[in-house]
Each structure stands twice: as C-alpha cells, then as structure tokens.
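Please open the model in a viewer and keep the sequence panel visible. The stops below are to be selected one after another.

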Amino acid sequence: MAKHKLQRFAETATFSNFIQPPPYHYSEDYPLKGKWSKEFFKNDHPLILELGCGKGEYTVGLARIHPENNYLGMDIKGARMWRGAKTALDENISNAGFLRTHIGQIEQFFEKDEISGIWITFPDPQPQKPRTNKRLTSQRFLKRYEKILNPDALIHLKTDNAAFFDYTLEVISENGHKRHFHTHDLYDSGLENELTQIQTHYESMFLAEGKKICYLNFSLKQ
Ligand SMILES: C[S@@+](CC[C@H](N)C(=O)[O-])C[C@H]1O[C@@H](n2cnc3c(N)ncnc32)[C@H](O)[C@@H]1O
C-alpha cells in the first residue's frame, strides 16, 4: 500500500469524527445503533447519510449549510474518507462524521426511523448484469434503507451514468416508490443550490470530461 495511504489510515484512527468498527461487528448490531445523534453528535438533530461518500464532499458541504442536521458519510475506503474527516476537524464542523464500513451492513448500524435522508453520490454503476444486486439503488439495497429511514425521508442520487440513472428510475416505478424530481442534465436545469454548488471529486472529473450529470430524488413506498 502507498505510504501516504498508510499514513492516512494511521491518522484516521486518531480522529474523533471517524468510526471504523472492527470486522466482528459485522455479525452483531453496532453499539451506536439508535443512538448516533445523542451519543456521537451529542444532540437530537436529524441524521442524514451519504453512501459511498469517498472524500465526503456532500457530508461536509451539507453539514456547513445545515447546522440543524447531522451528516454521516459511509464508505469502505478509509484513505479517501480521511480528506472529509480532516476538513471537518480543521473547520470545527461538529455535525459531520464518517463511518468506514460496508453499506451492505447498514441495518446493523441504524435503527428503524433513525435516518432522515440519504445521498448517493456517484455510486459505482456496476454495469455487469450479475452485479445488479450490488447497485446501491437496486431493490435489494432499497429494502435495507427502508428498515432505517423515517417515512418522510428523501433519497437523493447524483450520477454521470445515464444507464444507471435509467435503471434506478425503472426500479422506482416497478416497485411503487415515489419519484419527486429528476433531470438528466442537472447543470442545464436552472437549479442553483447545494445540488450544483457542492461537487464531489468524481463529479469534477466527469464534468471536466464534458459529461452530463443526472439527479433524482425519491421516497420509498410506505
Ligand atoms: C465512484 S466512487 C464515488 C465517491 C464520491 N461519492 C465521489 O463522488 O467522489 C464510489 C465510492 O463508493 C464506495 N462504495 C461502493 N460500494 C460500497 C459499499 N458496498 N460499501 C461501502 N462503500 C462502497 C467506494 O469505495 C467508492 O469510494
């Protein structure tokens, strides 16, 4: 492993806003389940997740804009997450945290109704058919989210991949979920808010390549 990655791993172990549970937790509920806001963020504010957060641009960016919410970025790649966690610590952003774990284990980390929103930012599109179940917007994953989301929660998706986006639209309509807003070209939609003002690392690369960015928000069938 590259030296800077090892250094970043070592540093994240010392970060107060960075949680990386040992693998044995994968077979049992994590102790903060149902208590993230009270015990980790020390308040009673709504908790919103960024899944596959990478460097955590949405976790940190939304936390800056919305001090009334708590934000937790989830990813498995700790060296990437280091960036967001370090920025949050340097800027004293106390409503942003990071959880390094597999998203497939999400129900072991959060209680029913504990989560008030999910952002899925430039997920791996997993284009091969046998990997459909690994897509973060597959019905298999949506069923997991259903177990932790409160009924009013919105799920936001940003992606450069039109095929993945159209697949997600199909999953939503086939399973009776409720689509609220979608665009195949976010930067031509006239929107000027956190959707366009916060850009992730991957998003910047896709924009530099001239790709269009798709955006969607939806809620799950009750
Ligand atoms: C294409 S990157 C996007 C990162 C970031 N959101 C961005 O836009 O720059 C996808 C991220 O999702 C993470 N990821 C994909 N599947 C995951 C899973 N099942 N559990 C945890 N992380 C996952 C990867 O580690 C990677 O950092």
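Select Lys42, which is found in the loop between helix 2 (36–41) and strand 2. The model on display is a predicted one. Lys42 has a phi near 60 degrees, a positive value in a residue other than glycine. Most residues other than glycine have a negative phi. Is Lys42 buried or exposed? Lys42 is exposed, and its relative accessible area is 65%.

Proceed to Asn92, in the loop between helix 4 (78–90) and strand 4 (96–100). Although Asn92 is not a glycine, its phi is positive, at about 55 degrees. Asn92 is exposed, with a relative accessible area of 68%.

Next, select Asn95, which also belongs to the loop between helix 4 and strand 4. Is Asn95 buried or exposed? With a relative accessible area of 8%, Asn95 is buried, because buried means under 20%. Display the residues in contact with Asn95, leaving aside neighbours within four places in sequence: they are Phe41, Ala63, His66, Pro67, Asn69, Asn70 and Tyr71. At His66, look for the backbone oxygen, which lies 3.1 Å from a polar atom of the Asn95 side chain.

Now show the strands as a cartoon. In what order do the 8 strands of the open sheet run? The order is 1-4-3-2-5-6-8-7, and the pairing is mixed. Strand 1 (18–19) and strand 7 (178–183) are the edge strands, each pairing on one side only. Within the sheet, select strand 2 together with strand 3 (residues 70–75); these two pair in the parallel sense over 5 bridges. Glu50 has Gly73 of strand 3 as its bridge partner.

From Glu50, move to Glu57, since the two residues touch. Glu57 is found in helix 3 (residues 57–65). Not counting residues up to four places away in sequence, Glu57 also touches Leu62, Ile198, Gln199, Thr200 and His201. At His201, the backbone nitrogen lies 3.1 Å from a polar atom of the Glu57 side chain. For a wider view, add His177 to the selection: this residue and Glu57 are 120 residues apart along the chain, and their C-alpha atoms are separated by 27 Å.

Thr200, one of the residues touched by Glu57, leads to the ligand. Which of the 16 residues around the ligand come nearest? They are Gly52, Asp75, Arg80, Thr121 and Thr200. Zoom in on Thr200, where an N or O atom of the side chain is 2.6 Å from an oxygen atom of the ligand. Asp75 places a polar side-chain atom 2.6 Å from an oxygen atom of the ligand. At Ile76, a polar backbone atom is 3.3 Å from a nitrogen atom of the ligand. Taken alone, the ligand exposes 600 Å², and the protein buries 90% of that.

The last stop is helix 5 (residues 139–146); select Phe141, Leu142, Arg144 and Tyr145, which are buried. Why do these buried residues line one face of helix 5? Seen down the axis of helix 5, they fall within an arc of 155 degrees, so they line one face of the helix. An α-helix has 3.6 residues a turn, so residues three or four places apart point the same way. Finally, display what the buried residues of helix 5 pack against: strand 2 (47–51), strand 5 (115–121), strand 6 (149–159), helix 6 (162–174) and strand 8 (214–219).

Note on methods:
Residues numbered from 1 in each chain as written. Predicted model: local features only at pLDDT ≥ 70, side-chain atom pairs only at ≥ 80, totals over all residues. Heavy atoms only, no water. Buried < 20%, exposed > 50% of the residue type's maximum accessible area, 1.4 Å probe, protein only. Helix = DSSP H or I, 4+ residues; strand = E, 2+ residues; numbered from the N terminus. Arc of directions from axis to C-beta. Contact = heavy atoms within 4.5 Å. Near = heavy atom within 4 Å. Polar contact = N/O pair within 3.5 Å; in protein donor to acceptor, adjacent residues only side chain to side chain. Areas by Shrake-Rupley, 256 points an atom, 1.4 Å probe, with all protein chains shown as cover. Pairing = 2+ DSSP bridges.
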